[in-house]
Amino acid sequence: MSKRFIGAALVSLLLTAVLSACSITDNRNMSGNAARDAATAVVDNSIKKFTAEGGTETLSVGSNEFVLIYDPAAPEGKQVVTANLANNSEPVFGEKSAISITSLKKLLSSDVLKDAEFKLSDNIFTITGNEFRIELHTKDDLLMTSVISGKATGSTLPQIVVSSYGISDEARKLFDNAKEPAAAQ
């Protein structure tokens, strides 16, 4: 009986250790290059899931709020829809280059963050430089929210992006009502 109990306890401990080792961020604290590598891995995971399943990004800049919806199953050129939520403008088709997670990937490998300090604590990456601060809030090794303040992106207005994976019914309605953007005059 005690052999069974000890065996079950060892299997349980091993399973817990293996499962916790699979996560990049959960219950971990790190800094420096380890945190930089982990942040890059989380962003890579997020891009992979977002581009495979689609998703929504809500961007707040100053008093403006925008939404971007990406549907990988839509025809090429009609996979991205954007709308200004502050003025209830009608949704229009946009470009894949507007997806902020992919822009964040470029920012992480740019010279702007070359000398930045990276830390991870409580599933939040903090990236600090001379004139900026970036927070990447994660859950299950996916980016959920990014907060950029300072001059990391060339703008001094704080930017908050909330990412969700998959397309909700509300986002689908907005996506399905998208129009071609008006021609510039």
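**View 1. Overall organisation of the predicted model.** Among contacts in the protein chain that join residues at least 6 apart in sequence, 49% link residues at least 24 apart, and the model in which these contacts were computed is a predicted one. The chain holds four helices and ten strands, which follow one another from the N terminus in the order α-β-α-β-β-β-β-α-β-β-β-β-β-α. Of its 185 residues, 32% count as buried, while the chain exposes about 11,100 Å², of which carbon and sulfur atoms supply 55%.

**View 2. The largest nonpolar core and a second, separate one.** In soluble globular proteins, nonpolar side chains tend to be buried together. The largest nonpolar core in this model has 28 residues, and the members that touch the most other members are Ile101, Leu113, Phe118, Ile127, Ile134 and Leu136. Two or more residues each are given to this core by the helices α2 (32–53) and α3 (100–108) and by the strands β3, β6 (117–121), β7 (124–128), β8 (132–139) and β9 (142–150). The largest share, seven residues, comes from α2. A second core, separate from this one, is made up of nine residues, among them Val67, Ile69, Ala74 and Ala178.

**View 3. Surroundings of Gln79 in the loop between β3 and β4.** Gln79 is placed in the loop that runs between β3 (64–70) and β4 (80–84), and with a relative accessibility of 8% it counts as buried, because the cut-off for a buried residue is under 20%. The side chain of Gln79 reaches the backbone oxygen of Pro72 at 3.1 Å. When residues up to four places away in sequence are not counted, Gln79 touches Ile69, Tyr70, Asp71, Pro72, Ala74, Lys96 and Phe175. Of these neighbours, Ile69 and Ala74 are included in the second nonpolar core, and Asp71 is linked with Arg172 and Asp176 in a network of salt bridges.

**View 4. The salt bridge between Glu180 and Lys78.** A search of the whole structure finds eight salt bridges, and in one of them the side chains of Glu180 and Lys78 meet with an N to O distance of 2.2 Å. Glu180 lies in the segment after α4 (169–176) and Lys78 in the loop between β3 and β4, so the pair ties together parts that are 102 residues apart in sequence. Both partners are partly exposed, Glu180 with a relative accessible area of 48% and Lys78 at 32% relative accessibility.

**View 5. Salt bridges of Glu117 and Glu135.** Glu117 forms a salt bridge with Lys119, in which the closest N and O atoms are 3.0 Å apart; Glu117 is partly exposed, with a relative accessible area of 43%, and Lys119 is likewise partly exposed, with a value of 43%. Glu135 pairs with Arg133 in a salt bridge whose closest N and O atoms are 3.0 Å apart. Here Glu135 is partly exposed at a relative accessible area of 21%, and Arg133 counts as partly exposed at 37% relative accessibility.

**View 6. Ala52 in helix α2 and its separation from Ala73.** Ala52 lies in helix α2, the element that contributes seven residues to the largest nonpolar core. Ala52 itself is exposed, with a relative accessible area of 57%. The C-alpha atoms of Ala52 and Ala73 are separated by 8.9 Å, although the two residues are 21 residues apart along the chain.

Notes:
Residues are numbered from 1 along each chain as its sequence is written. This is a predicted model: local features need pLDDT of at least 70, side-chain atom pairs count only at pLDDT 80 or more; totals for chains, interfaces and linings use all residues. Side-chain values use heavy atoms; hydrogens and water are left out. Buried means under 20% relative accessible area, exposed over 50%, partly exposed in between (1.4 Å probe, protein chains only). Contact means heavy atoms within 4.5 Å. Accessible areas come from the Shrake-Rupley method with a 1.4 Å probe; for residues, only the protein chains shown count as cover. A polar contact is a pair of N or O atoms within 3.5 Å; within protein, one must be able to donate a hydrogen and the other to accept it, and residues adjacent in sequence count only if both atoms are side-chain atoms. A nonpolar core is a set of buried Ala, Val, Leu, Ile, Met, Phe, Trp, Tyr and Cys residues joined through side-chain atoms within 4.5 Å. A salt bridge is a side-chain nitrogen of Lys or Arg within 4 Å of a carboxyl oxygen of Asp or Glu.
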